[in-house]
Amino acid sequence: MNVVMIGTGYVGLVSGACFADFGAAVTCVDIDPGKIQRLGRGEIPIFEPGLEDLVVRNAAAGRLTFTTDLAAAVQAADLVFIAVGTPSRHGDGHADLSYVYAAARQVGEHLRGYTVIVDKSTVPVGTARQVGRIVREVNPDAEFDVASNPEFLREGAAIADFMRPDRVVLGVQSARAEALLRSLYRPLNLIETPILVTGLETAELIKYAANAFLATKISFINEMAQLCEQVGADVHDVARGMGLDGRIGRKFLHPGPGYGGSCFPKDTLALIRMAQEAGVPSRIVEAVVEVNAAQKARMVLKVRQALGATEAGKTIAVLGLTFKPDTDDMREAPALAILPPLLDRGARIRAHDPKGMHEARSLLPATVEYCDDPYAALEGADAMVLLTEWNEYRGLDLRQIRSRMAGNVVVDLRNVYDPAAMRAAGFDYHCLGRTESLRNT
């Protein structure tokens with residue numbers, strides 16, 4: 001089976017490499033010649049655990065190739081996946097579909113024989129039908145179907161998510177398209193992965209509904225953490241008590257500085273716009289977005305208060321910059337909202353991140369200093385702020401941290417450390433929603 005993946009970003013590259021590992025002949029297409037050349041040499045433009053090995057292995061086996069020649073790739077394709085970016089549109093928050101529609105026009109011009117065109121990008125309801133309309137306009141004689149196959153990949157665990165998914169959603173209009181997609185995903189039959197077949201609009205909405213619900217859980221537990229701080233409760237125990245209920249589940253009930261990344265921020269906004277345009281505003285999702293923005297602002301206040309509201313002239317060691325561990329993605333990372341206000345008030349920031357510093361340099365103010373080692377960032381610091389829960393930060397030597405720092409303030413925005421151990425080590429420790437734990441030690 002010949003598969004074409006248009007776009008070699010996060011979704012396109014991971015999906016293309018995994019389909020190749022399933023045994024399909026996959027051609028990844030991108031308009032950037034330099035990127036294609038680097039991929040051909042096995043140089044991966046993003047950090048995702050296991051991705052480099054997967055790409056190199058399947059390229060060596062001849063199942064995975066990279067090209068800028070969309071015409072030749074499409075003409076030989078059985079399935080063409082559109083996996084280009086759908087960023088939030090400036091001004092209204094709606095998903096920008098210009099890249100999707102441009103890809104559809106190009107695909108339509110080069111179709112030869114029956115082909116299934118699949119939206120892999122996260123796109124608003126109705127996009128698949130618009131893709132079909134565009135293809136028919138540019139090539140009235142083309143024989144094709146349009147399908148929707150949303151991705152549910154977590155950055156940092158994308159390959160495992162693809163190879164052992166909770167479900168595969170296929171939005172189709174014909175039995176022929178369904179059969180072709182089922183054939184592509186046949187290796188998952190061995191692990192009895194549920195395959196949900198729906199209409200186009202339903203498949204498109206499933207992706208947004210899922211992301212919005214997960215974002216809701218994050219904003220909810222962050223609000224509970226605030227309440228815990230006021231009433232003397234422990235948010236970890238609250239979350240555990242909730243999560244043990246099978247109807248709720250424990251995942252995404254971890255307090256933090258707010259969600260970020262490439263999905264939740266733009267997808268919640270896009271869902272709000274879709275709902276408004278349909279005349280059924282989504283008040284819950286609107287509140288989720290508001291709570292998330294307020295949470296990031298509250299984290300600035302939390303750091304300021306920990307420093308005695310006088311951060312001017314203070315040195316803050318920041319550990320973690322990416323929106324989550326095991327990725328180099330800085331898109332909508334809480335660090336982008338939390339660090340600039342501290343700098344504006346005169347703080348000096350020294351930062352470390354295992355994978356995100358290169359990208360952070362182009363997004364954060366130039367006054368941020370970057371250190372190759374977390375202990376170097378802590379040298380002479382008045383305070384330490386943990387922003388991203390990379391595993392290597394969990395095992396830092398508390399005595400060495402204390403000996404290197406000039407001050408003793410630790411603001412743990414991921415609740416990584418044990419309050420009793422931090423207090424025993426001499427730290428003025430601040431976290432989220434754990435005042436009961438702090439008081440009882």
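Is arginine 136 buried, partly exposed or exposed, and what is the relative accessible area of arginine 136? Arginine 136 is partly exposed, with a relative accessible area of 47%; here buried means under 20% relative accessible area, exposed means over 50%, and partly exposed lies in between, for a 1.4 Å probe and protein chains only. The model described here is predicted, so local features need pLDDT of at least 70 and side-chain atom pairs count only at pLDDT 80 or more, while totals for chains, interfaces and linings use all residues. Residues are numbered from 1 along each chain as its sequence is written, and side-chain values use heavy atoms, with hydrogens and water left out.The place of arginine 136 is in helix H6 (residues 127-138). Helices (H or I, at least four residues) and strands (E, at least two) are DSSP runs, numbered from the N terminus. Arginine 136 touches Arg129 and Phe144, leaving aside residues up to four places away in sequence; contact means heavy atoms within 4.5 Å. Arginine 136 and alanine 104 are 32 residues apart in sequence, and their C-alpha atoms are 9.9 Å apart in space.

Turning to the strands, a good place to begin is strand E1 (residues 2-6), which is joined to E2 by five bridges in a parallel run. Two strands pair if DSSP finds at least two bridges between them. Isoleucine 6 has valine 29 in E2 as its bridge partner. Strand E2 (residues 25-29) is mostly covered, with four of its five residues buried.

Further along the chain there is an open sheet of six strands, in the order E11-E10-E9-E12-E13-E14 and with parallel pairing. Its edge strands are strand E11 (369-370) and strand E14 (428-430), each of which pairs on one side only. In general, strands of a sheet pair through backbone hydrogen bonds, either parallel or antiparallel. Strand E10 (residues 348-352) pairs with E11 in the parallel sense over two bridges, and alanine 351 stands opposite tyrosine 370 in E11.

Helix H12 (residues 283-306) packs on this sheet, where it touches strand E9 (315-319), strand E12 (383-386), strand E13 (409-412) and E14. The direction of H12 makes about 165° with that of E13; axes are lines fitted to C-alpha atoms, for helices over the stretch in contact, and angles run from 0 to 180 degrees between N-to-C directions.

How much of E9 is buried? Five of the five residues of E9 are buried. Thr315, Ala317 and Leu319 lie on one side of E9 and Ile316 and Val318 on the other, and both faces are covered. E9 is joined to E10 by five bridges, and the two run parallel. Within this pair, leucine 319 stands opposite histidine 352 in E10.

Arginine 304 is found in helix H12. Arginine 304 counts as buried because its relative accessible area is 18%. Residues up to four places away in sequence aside, arginine 304 touches Ala309, Thr310, Glu311, Leu342 and Arg345. One of these contacts, threonine 310, lies in the loop between H12 and E9. With a relative accessible area of 44%, threonine 310 is partly exposed. Threonine 310 and arginine 345 are 35 residues apart in sequence and 8.5 Å apart in space, C-alpha to C-alpha.

The loop between E9 and helix H13 (334-344) is the place of aspartate 326, and glutamate 332 is found in the loop between E9 and H13 as well. Most residues other than glycine have a negative phi. Aspartate 326 has a positive phi of about 65° although it is not a glycine, and phi of glutamate 332 is near 55°, a positive value in a residue other than glycine. Aspartate 326 is partly exposed at 32% relative accessibility, and glutamate 332 is partly exposed with a relative accessible area of 45%.

Finally, the structure holds one cavity of 30 Å³ or more. On a 1 Å grid over the protein atoms alone, a cavity is a set of points where a 1.4 Å probe fits but cannot get out, and lining residues have an atom within 4 Å of a point. The largest cavity has a volume of about 40 Å³, a volume being the space filled by probe spheres set on the grid points, which are joined across faces, edges and corners. Its lining is formed by Asp119, Ser121, Thr122, Val123, Ser148, Pro150, Glu204 and Lys207. By class, two of the lining residues are nonpolar, three polar and three charged. Ala, Val, Leu, Ile, Met, Phe, Trp, Tyr, Cys and Pro count as nonpolar, Asp, Glu, Lys and Arg as charged, and the others, Gly among them, as polar.

Key: On a 1 Å grid over the protein atoms alone, a cavity is a set of points where a 1.4 Å probe fits but cannot get out, and a pocket is an open set with protein on both sides within 12 Å along at least five of seven lines; lining residues have an atom within 4 Å of a point.
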